[in-house]
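Please open the model in your viewer and keep the sequence panel beside it, since each stop on this tour asks you to select something and then look around.

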Amino acid sequence: MTNSATKIRLGIGSAVLAVMLIAALVSLVWTPGDPYRLAIASRLQGPSSLHLLGTDQLGRDIAAILMIGARNALLVSVGAVGLSLVVGGGLGLIAAMQPDGIGDQMIARTSDLVFAFPVVLLAIMTGLILGPGAASAAMAIAIFTMPVFIRLTRDSAAQLREREFVLAARAMGASWLRIAVRHILPLLLPRLAVQASTQLALALLAEAGLSYLGLGTPPPHPSWGRMLNEAQTYLGTQPLLAILPGVAIALTVMGFNLLGEGLAARLARER
Amino acid sequence: MRVHNGLRIIMLASAFSTPLAAQVPEQVTLCMPLEPPLLDPTRGPAQAIRELTYGNIFETLVAIDRDGRLQPGLAESWKVSADGLVYDFKLRSGASFHDGTPFTSFNVAYSVERAKRPESRNAQKWIFDPILRVDTPDPLSARIVLSRPTANFLYGLAWGDAVMVAKGSAAENATVPIGTGPYKFSRWVRGERVELVVNDRWWGAKPTFAKAIFRFISDPAVQVAAIKAGDCDALSNLAAPEAIPALKRDPRLAVTTGYTEGKTILAMNNGKAPFDDVRVRRAIAMAIDRQQVIEGAMSGLGIPIGSHFSPSHPAYVDLTATNAYDPEKAKAMLAEAGFPNGFSATLKLPPPAYARRSGEIIAAMLQQIGVKITIEPLEFPQWLERVFRGKDYDLTLIAHTEPLDINIYARPDYYFQYRSLAFNAALNDAETATSDEARNAAYGRAQKRLADDAVNVFLFLLPKVTVTKGSLTGMWTNWPLPANPLAELSWK
């Protein structure tokens with residue numbers, strides 16, 4: 001990838017994400033209309049000066065719902081990936097530091113096992129334990145994503161373990177923990193960042209999917225996935241109801257992917 | 001919980017991917033919203049049981065037809081004594097149960113005795129309460145003697161709760177139902193469908209279809225997809241009225257809109273604070289704009305009601321102006337009851353789309369008067385267990401689909417936990433009245449009492465939107481009671 005192509009990707013990716021993030025943050029203090037106030041008389045309207053993106057099947061302002069939906073989508077996907085990065089990365093490091101040990105085997109096999117569970121099934125299980133809602137959706141996505149980070153850290157750290165600087169540190173009497181945290185982890189961070197942005201795209205898509213199936217944020221709190229579900233039977237009357245949350249999901253996923261690709265390209269060049 | 005719908009979408013999506021079977025002339029597939037928890041209408045209140053079994057697997061002595069009129073069923077004819085206490089039924093000869101047991105007056109006596117037992121789980125025991133004894137002078141004559149004149153006795157006998165069962169098979173009817181009807185139970189694939197086959201020994205005219213399948217699809221979007229894909233020959237009640245215009249444009253489909261007897265109500269736990277205070281209940285009623293609920297949840301399809309009574313009955317009184325929509329007055333009423341800042345409550349919602357959608361709208365309306373609602377979606381078995389039987393709820397939303405069931409408000413053990421001597425007196429007047437005029441006037445008083453006491457918030461009469469392939473004929477347009485008699489179906 002040429003330098004300018006990388007720059008364009010990074011630029012577009014971060015611009016799209018910045019817009020979503022700003023929309024989500026602004027929704028904390030201001031939305032174009034009250035997203036919880038129904039106005040049945042003015043339902044299913046097209047865009048107008050009063051409602052920038054029109055109104056939904058219960059007369060709520062779609063722009064306002066989308067903004068709060070962005071908050072929900074970003075919070076769940078960032079939360080899930082963050083949790084999975086910290087726990088999965090930690091487990092991967094531990095596994096790499098004791099090759100062929102019981103711990104390594106257990107962590108590797110457990111991550112294989114978790115890999116076998118589809119995210120919907122995980123969400124049903126976390127929903128039973130935590131109660132259905134955004135938290136259990138995030139937990140399911142975190143568990144689903146974790147094997148990716150375990151494998152990435154474990155395999156990358158295992159390569160680094162044999163390098164001279166690690167040997168040198170060992171010779172100086174550094175503990176495994178110190179070597180892992182001070183010498184190996186910093187070298188893994190760029191790769192983890194690239195992986196995390198790809199996983200964020202997948203997590204956002206998973207959150208939308210779970211909400212679509214009713215396993216995410218419960219009504220009346222807005223969520224892009226549930227907007228899609230509820231829009232289905234209105235496709236003939238007001239297609240915008242389905243198009244708008246669909247575009248929001250697609251744009252954000254694209255933003256995370258472009259960012260990930262851009263970061264990966266930059267990383268490759270620096271090597 | 002919506003989980004179930006989600007899984008169903010996935011399962012159906014995979015079903016769609018198989019090549020579409022060509023229309024089988026001897027087979028009909030009806031799609032209905034909910035799966036029945038069991039298949040014995042004498043052992044549970046779920047409407048889905050009746051939709052599937054009434055007039056198909058099981059039959060009653062007298063039947064209700066598509067227009068709500070009483071028709072001969074397993075009884076060919078009947079005579080009522082002048083004092084209204086003795087009912088003589090002449091039974092149909094040649095009727096038999098699916099296992100070969102002949103149908104006789106002893107089955108009548110047994111069915112009544114079984115329903116009256118203390119341990120019976122019959123959801124409508126009031127039907128049998130007035131019965132003093134059943135005499136069986138000969139196998140084809142049954143005489144039912146009442147202890148008091150009961151206006152709607154015959155009507156009650158026509159309900160699914162009063163179907164005729166046989167001693168040898170009744171215990172297993174929940175899973176392997178054995179009735180006298182035109183269709184025999186064949187197979188139940190849990191979570192998906194029930195299959196029936198025609199009963200060649202049925203007493204009536206031979207039905208068109210040798211085989212019938214009931215499939216269960218609750219998600220409105222999946223219902224629309226299934227009927228368009230040809231997976232259903234008919235959809236007994238479409239849950240998404242907003243899809244009607246698009247379905248009507250499809251030349252392969254026929255859409256009819258009618259009404260059920262389903263009084264859709266926001267039920268309040270009258271036995272639990274703060275809903276034991278009539279001022280709180282009135283405030284809740286005044287906070288809800290019925291017309292907006294009908295518009296938002298049902299795309300305008302639904303007749304507003306002001307009490308627990310169907311506009312199709314001659315005794316109906318329009319009470320929609322009682323506790324009419326007035327959020328300011330509602331707030332003042334709440335303050336008077338000691339809740340100037342409102343309070344928090346849960347709203348437990350069963351799975352049907354009308355309930356989930358109306359619930360979301362009503363939660364937003366109650367928010368406006370300071371009542372903070374947490375919505376708790378439940379699957380139907382959980383709803384029956386926790387809300388209906390356990391009375392563990394604040395608010396819930398459901399349609400009561402039995403015709404003329406205002407008497408449920410006289411049952412102190414019913415889940416509303418409403419107790420009113422004045423109401424009981426009015427109802428008693430109606431049930432023992434000897435003239436139609438007096439009876440209707442008494443029903444009017446009973447309706448008014450419920451509206452004044454704001455026992456529940458009475459919302460609307462639930463519509464029935466039937467979608468069929470253009471080539472299929474015979475589905476009921478209205479539901480005087482929830483039933484899909486298969487023997488009345490045929491290809492055009």
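The tour below goes through a predicted model, starting in chain A and moving on to chain B.

**Stop 1: an annotated span in chain A**

Begin by selecting residues 70–260 of chain A, which an unreviewed UniProt entry annotates as "domain: ABC transmembrane type-1". If you colour this span by secondary structure, you should find that 82% of it is helix and 0% is strand, and if you mark the C-alpha atoms at its two ends, they lie 20 Å apart.

**Stop 2: a serine in a helix**

Next, select helix H7 of chain A, which covers residues 176–212, and pick out A:Ser197 within it. Is A:Ser197 buried or exposed? Its relative accessibility is 5%, and because buried means under 20%, A:Ser197 counts as buried. Now show the side chain of A:Ser197 and follow it to the backbone oxygen of A:Val194, which it reaches at 3.0 Å. Leaving aside residues up to four places away in sequence, A:Ser197 touches A:Phe256, A:Leu259, A:Gly260 and A:Leu263, so add these four to your selection to see its surroundings.

**Stop 3: the nonpolar cores**

Move to chain B and select B:Leu266, B:Ile284, B:Ile288, B:Tyr409, B:Tyr415 and B:Phe416, which touch the most other members of the largest nonpolar core, a set of 108 residues. Helix H10 of chain B, residues 353–367, gives the most to this core, with eight residues. To look at one member in detail, centre the view on B:Leu266, whose contacts beyond four places in sequence include B:Ile284, B:Ile288, B:Leu347 and B:Ile362. A second, separate core holds 55 residues, among them A:Leu17, A:Ala80, A:Ala180 and A:Ala201.

**Stop 4: a four-stranded sheet**

Finally, stay with chain B and find the open sheet of four strands, which are arranged in the order S4-S5-S7-S6 with antiparallel pairing. Which strands form the edges? They are S4 (75–80) and S6 (131–138) of chain B, each of which pairs on one side only, and the twist from one strand to the next averages 20°. Strand S4 of chain B pairs with S5 (residues 86–91) in the antiparallel sense over five bridges, and you can locate one partnership by selecting B:Ala75 together with its bridge partner in S5, B:Leu91. To end, display helix H3 of chain B (residues 105–116), which lies across S5, S6 and S7 (141–146) and runs at about 165° to S6.

Technical notes
Residues numbered from 1 in each chain as written. Chains lettered and ligands numbered in written order. Predicted model: local features only at pLDDT ≥ 70, side-chain atom pairs only at ≥ 80, totals over all residues. Heavy atoms only, no water. Buried < 20%, exposed > 50% of the residue type's maximum accessible area, 1.4 Å probe, protein only. Polar contact = N/O pair within 3.5 Å; in protein donor to acceptor, adjacent residues only side chain to side chain. Contact = heavy atoms within 4.5 Å. Core = buried A, V, L, I, M, F, W, Y, C linked by side-chain atoms within 4.5 Å. UniProt positions renumbered as here; feature names shortened; annotations may be inferred. Pairing = 2+ DSSP bridges. Axes fitted to C-alpha atoms, helices over the stretch in contact; angles between N-to-C directions.
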